[in-house]
Every structure is written in C-alpha cells, then in structure tokens.
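Trainee: I have this model open on my screen and would like to learn how its descriptions are justified. Could we go through them together?

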Amino acid sequence: MKQKLKICVVLVDRANYGRLFPVMHELKSNKECILQTICSGTMMLEKFGYAERIVQKDGFRIDGRVHMEISGSIPETMSKSIGLGVIGFTQEYQRLNPDIVLIIGDRYEALSATIAAAYMNIRIAHIQGGEISGSIDESTRHLITKLAHLHFPSTARSKMVIERMGEDPKYVFNYGCPSSDYLLKTKEISNANLFSNKGIGKINALKPFFLVIFHPVTTSFSDTHDDINELLDALNELKHPTVWLWPNIDAGSDKIAKKMRVFREHNNSDWLCFVKNLHPKEFQSALKSSVCAIGNSSSFVRDSSFYGTPVVLVGDRQNQRECAENVVNSKPRKKNILNSISSQLSSKRYKVSKLYGSGNTSQRIVKKLITAKPKIQKTFYLG
C-alpha cells in the first residue's frame, strides 16, 4: 500500500491563513496525503484575536504550536524571535516528520520555519515568492525562495523573478494566488452588525465605510510615529465611518497601536471602529463592501484586485508591488492622503482584475505537491 505524503502547512498570522485555507481544504480532502498544521507567530496571541481558534472552528486540527514572539516591537526582538522560531520548528518537525513543508509569503516567522526545514533535509514549497515590495519583507521573501524546492508564484512577473534567481523553471508554477479560489465568489456584507462584537466602536456595516490597515515599515520604523499621525489626522477630518484592523507584530507596531488608543481616548471618534481580527471570509466581505481601502497592507494590493475596490496605498511599504488599476499611491502626508481618497471616491468601482489569478489554484498546487519530486540538494540553475 502506497504511503501517504505528509504535507505540513505553517500558519504564522491571520493573512497567512486567509490565503492558505483553500489549499488546506484541498489537502484535507485528498486521499493521497495527510495534512499537518503548525501554528506560530501571532496565531496564538490574544492581542491578535487568537486566530488559531478560527482555524479549529473551520474544522482543521492543529498538530503543533511554536511560541516564538518576543515582545518589544523593535528590530532586536524580531531578530531574536527568528532564532527561537528555528529551535521551535526544528522540534516540531522532528516530532511530526513531514515530507513537505508548505510556506507562504514573507514573514520572519515563515523564514524560521524555512531555515529549520532546509537544515533537516525536508522539501519546502513556497507560495507567493518572487514578488517585489518594500520593507524587510522583500529580502525575507527572496531568502525563502532560495531555500525552497517548489515555487508557486502568483503572477507571471513573479515567476520570471524566481527563474532569474537561479531556480529551475520545471519547479516554478504560476497558478495564481490560492485565495482567488474563494475571493471571486465572495459576497458583500449582509449583516449590519458584523463589526459590533469584534472590537471597540460600532458602525453600520451596510452603510458606506472605509477599511483601514496600517503596518509599520520595518526598515524605517522610526518614521512610523509621524506617518500614523498624518493618517489619523486625515481620517479625522473626513470623519467617515471607518473599520480599522490592528497592525501586525513587526517592529514599530506598538507605536501604531498606542497612537490608535490615545487618539480614540482624546477625540470624538464615534466614526471609528477598531477591530483585532476577522475571520478570513468576514475580512474579504469587508474589503469587497468598503467604499475605499486605505493603508499599506498587501491584501489591499492583492485581494482588492478581485473586487475592484478603490484602494489608497499610504507610504512605501508596498513599493513596486504589482497592482491592478484600482490602486493609487499616496505619500504619508495628510494633504496627499485626503487628495487620494477624494480621487478614489469620485471614481466608479473598478473592473475585476485577473492579475493574481482566476481560480482553481489550490487544486493545481496540491496536485503538483503530490507529483513533483525535486532533489533535496539544490543547485543554481544555469540553463
């Protein structure tokens, strides 16, 4: 009897899970493999809404946990957390003995998981490699690419970048982003009280609202204080109903979180609702329903393209990222932000783009995970 392939999916934050759960569903239902799930990073932190509970509620078993986050929100704590992550993932891989480790994106937690797998001679599959952006995330993404054996970029340009990095083209597959499998079917919000029990503040989700996410830029996190002030001042001038999701755990996030709390305490902010976390499907409904998404999240670049939601990217965190026509860039200054928002609100809703895929991605990824047999020892592809 043929032995089933053990494929270990690593989840390190809410965005990871939102893009990986279609793949996880395919893996779980496939009779040729066994799905293993390891949660790490902010998935297990109360500050970020215990995202691992969503994973369990969706019917997935969590086979391992790696606690690695050191508080402090500075570059030193990020670097130390990577070291703890390598130790933790090594222990979990030794216990679970996976055949393939599946990584997505560019998080430093994912880098820890990748390093551990590489040195334990475990094949690594990487989704969303080859993308160009700002922050330390781009360097991390390319590091993971050079350690991975199988590559699933989301765009044609990303595939080209990976191949230029010396990866064998026969192991580079542009199937699009797996989230396209359900984003193209996402429905708009139908519950006026969707955000009522999710955080602080209350708005009617059926009326026009902004969706905001603003993460720190780790390579210039000292500028975070000024940038968040400018964004808050701009939105406060508009006082348009706004849903604002908590920033990630990168260096500088504590400054952003503090400014958000202080602002709410010292201003009339009945237009503002702070939310720790949303289920991936709730978040996507919010992104599709919002009249404008504002901030610097990669989901505002990638996921919004499937809806045509107007987006204002603030700052350079997503610098050089491939964008559909629904995205405009703004300097992190109040005047520029207000002008960009005004321009987007005056535009009609944009056409749906297929830049990041057109569906059926997860099924193709799983099939290739099962059938492809790259060598453990990698070499630079010279053609």
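Mentor: Gladly. Helices here are DSSP runs of H or I with at least four residues, and strands are runs of E with at least two. On that basis this predicted model has 13 helices and 13 strands.

Trainee: What makes the protein as compact as a globular protein of that length?

Mentor: Its radius of gyration is 20 Å, and the globule rule gives 21 Å for 383 residues; the two values are close, so the description holds. Along the principal axes, the C-alpha atoms fill a box of roughly 65 × 40 × 40 Å.

Trainee: How many of the residues are called buried?

Mentor: Buried means under 20% relative accessible area, and 58% of the 383 residues meet that description. The accessible surface comes to about 16,500 Å², with 50% of it belonging to carbon and sulfur atoms.

Trainee: Why are strand 7 and strand 13 said to stand at the edges?

Mentor: The open sheet has seven strands in the order 7-10-9-8-11-12-13, with mixed pairing. Strand 7 (199-200) and strand 13 (327-330) each have a single partner strand, so one side of each is left without a neighbour in the sheet.

Trainee: How do you know that strand 7 and strand 10 pair?

Mentor: Pairing requires at least two bridges between the strands. Strand 7 and strand 10 (residues 272-275) have two bridges, in the antiparallel sense, so they qualify as a pair. Looking at one residue, Gly199 has Val275 in strand 10 as its bridge partner.

Methods. Residues are numbered from 1 along each chain as its sequence is written. This is a predicted model: local features need pLDDT of at least 70, side-chain atom pairs count only at pLDDT 80 or more; totals for chains, interfaces and linings use all residues. Side-chain values use heavy atoms; hydrogens and water are left out. The radius of gyration is taken over C-alpha atoms; the globule rule is 2.2 Å times the number of residues to the power 0.38. Buried means under 20% relative accessible area, exposed over 50%, partly exposed in between (1.4 Å probe, protein chains only). Accessible areas come from the Shrake-Rupley method with a 1.4 Å probe; for residues, only the protein chains shown count as cover.
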